[in-house]
Protein chains: 2
Amino acid sequence: MNIGDVSDRSGLPAKTIRYYEEIGLISPARDDNGYRRFAEQDLHKLAFLARARALGFTIEDCRALLALYEDDTRASADVKRIARDHLHRIEAKIDDLRAMQDTLTELVDACAGDARPDCPILRDLGRKA
Amino acid sequence: MNIGDVSDRSGLPAKTIRYYEEIGLISPARDDNGYRRFAEQDLHKLAFLARARALGFTIEDCRALLALYEDDTRASADVKRIARDHLHRIEAKIDDLRAMQDTLTELVDACAGDARPDCPILRDLGRKA
DNA sequence: GCTTGACCTTCCAGTGACTGGAGGCCTTAT
DNA sequence: ATAAGGCCTCCAGTCACTGGAAGGTCAAGC
C-alpha cells in the first residue's frame, strides 16, 4: 500500500501519516523509488493511533499506549493509569468550559444585540476588578 | 507604573504583556531608560484582555472586542455576535469532550488495572474498524 | 564609590500536532 | 509524448504564549 491507500483506509491525512513517521510512531518500509510501502500492520497501528487521538490522547500518550499494546507482558494497570489521568484532564477541561459557558450565556442573554452601543458584555469585561 | 506593577495588578505575566504590545493590543509609553511606562488606561485595557481571555475569547476576538469597547458608536449587535459565536464554539467543544468522557469512563471502568496484560482499553483502541 | 540584587530590555527558540505550499520525481493512462 | 495525479522532501506557519540568554538600569547598603 502507498500512503494514499492507508490515508483512505485509516482516515488520517497523508501529511499526518508522514508526521507520525517523522516522530517515530510508525516505520513503514520504502520501495526502491522512495515511496513508503505500508504493511497491514502499519495500517493497524495507524488505525489505533487515529482512535486514540480521537479520544483526545496526546501524542506522547499514544506513544506509550502503542508500546503497551505491543508488549505482551504489560500490566493493564499501566494502561488504566494513562487513561484515567487523561479522563481527569478532560473532566477538568469540561469544568472550565462549563464555567465559561455559564458566564457567556448570561452575558449573551442580557445583551439587546441591536444598534445601540449599550452592552452588558462589554460592561462586564471592562468592570473594575 | 512599570511592567512589574501592571503584571501584579492585572494578573498577567510580564511576558504576556510584552507580547500583547508586540501584536498591537496595547501601546504603553516609554521612559528615557527604555522601560515601558503604563498609564491607568493601559492597566484597564490589560484587565479587559485578561477577563476576555479567561472567558476563552481568542486574541483576535479580544482585538475586536477592545475596538468595540473603545468605540462609542458601536452597535451591541456586533458584540453579541462575537460572544454568541464564541459560545457556540465552546458548546461544540463541550460536546466533543463529553463524548470522549463517556467512552473513556466506560473503558476505564471496564479495565481491571492489575498486573495482567488483558485490557479492554487497548482492545477497544486496537479493534478492527 | 562599589557591589549586590531586583528590575527591566531585546532577541531567539520551543511548545503540540499538525497543515499548507513550493519544487521536483514517479507512475499511469491516453 | 504528454498530461494528470500521486509521491517525495523541506520550509514556514498556526495559536498564545513561555523559557532562557545576554545585557542595561536602579535603589539600598557598606
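Which helices of chains A and B each supply at least two residues of the surface near DNA strand C? In this predicted model, they are α2 and α4 of chain A together with α1 and α2 of chain B. The legends below start with that spot and then move through the rest of the structure.

**Figure 1. Close-up of the surface near DNA strand C, where helices from chains A and B both contribute.** Count the residues that surround strand C and you get 17. The closest are T58(A) and I59(A) from one chain, plus N2(B), G4(B) and R36(B) from the other. If you're wondering which helix gives the largest share, it's α2(A), with 3 residues. Sorted by class, this surface is a mix of 6 nonpolar, 6 polar and 5 charged residues.

**Figure 2. Close-up of the surface near DNA strand D, with 17 residues around the strand.** Here N2(A), G4(A), R36(A), T58(B) and I59(B) come nearest. The helices that each supply at least two residues are α1 (3-10) and α2 (14-22) of chain A, along with α2 and α4 of chain B. This time α2(B) gives the largest share, again 3 residues. As for the kinds of residue, you'll find 6 nonpolar, 6 polar and 5 charged.

**Figure 3. Chain A on its own, with 6 helices and 2 strands.** Follow the sequence from start to end and the pattern reads α-α-β-β-α-α-α-α. The radius of gyration of chain A is 23 Å, well over the 14 Å that the globule rule gives for 129 residues, so chain A is more spread out than a compact globule. Along its principal axes, the C-alpha trace spans about 70 × 40 × 25 Å. Buried residues account for 26% of the 129 residues in the chain. Now take the contacts in chain A between residues at least 6 apart in sequence: 39% of them join residues at least 24 apart.

**Figure 4. Where chain A meets chain B, with 48 residues of chain A in contact with 48 residues of chain B.** On chain A's side, α3 (40-54), α4 (59-69), α5 (76-110) and α6 each supply at least two residues. The largest share comes from α5(A), which puts in 21 residues. By class, the side of chain A that touches chain B has 28 nonpolar, 9 polar and 11 charged residues. And the two copies meet through the same surface, because 100% of the interface residues of chain A are also interface residues in chain B.

**Figure 5. Laying chain A on chain B by a turn of 180°.** The turn comes with a shift of 0.0 Å along the axis, and the RMSD is 0.0 Å. The two copies are thus related as by a two-fold rotation axis. Want a landmark for that axis? Look for I94(A): of the residues of chain A, its C-alpha comes closest, at 3.0 Å.

**Figure 6. Close-up of helix α3 of chain B, residues 40-54.** From its first C-alpha to its last, this 15-residue helix reaches 21 Å, close to the 21 Å expected at 1.5 Å a residue. Its buried residues are D42(B), K45(B), L46(B), A47(B), F48(B), L49(B) and A52(B). What covers them? The cover includes α1 (3-10), α2 (14-22) and α4 (59-69) of chain B, and also α6 (120-125) of chain A. After the helix comes G56(B), whose phi is positive, near 90°.

Conventions: Residues numbered from 1 in each chain as written. Chains lettered and ligands numbered in written order. Predicted model: local features only at pLDDT ≥ 70, side-chain atom pairs only at ≥ 80, totals over all residues. Helix = DSSP H or I, 4+ residues; strand = E, 2+ residues; numbered from the N terminus. Expected span 1.5 Å × (residues − 1). Buried ≥ 20, exposed ≤ 12 C-beta atoms within 10 Å, placed from the backbone. Contact = placed C-beta atoms within 7 Å. Near = placed C-beta within 6 Å. Nonpolar A, V, L, I, M, F, W, Y, C, P; charged D, E, K, R; others polar. Least-squares fit on C-alpha atoms with pLDDT ≥ 70 in both. Rg over C-alpha atoms; globule rule 2.2 N^0.38 Å.
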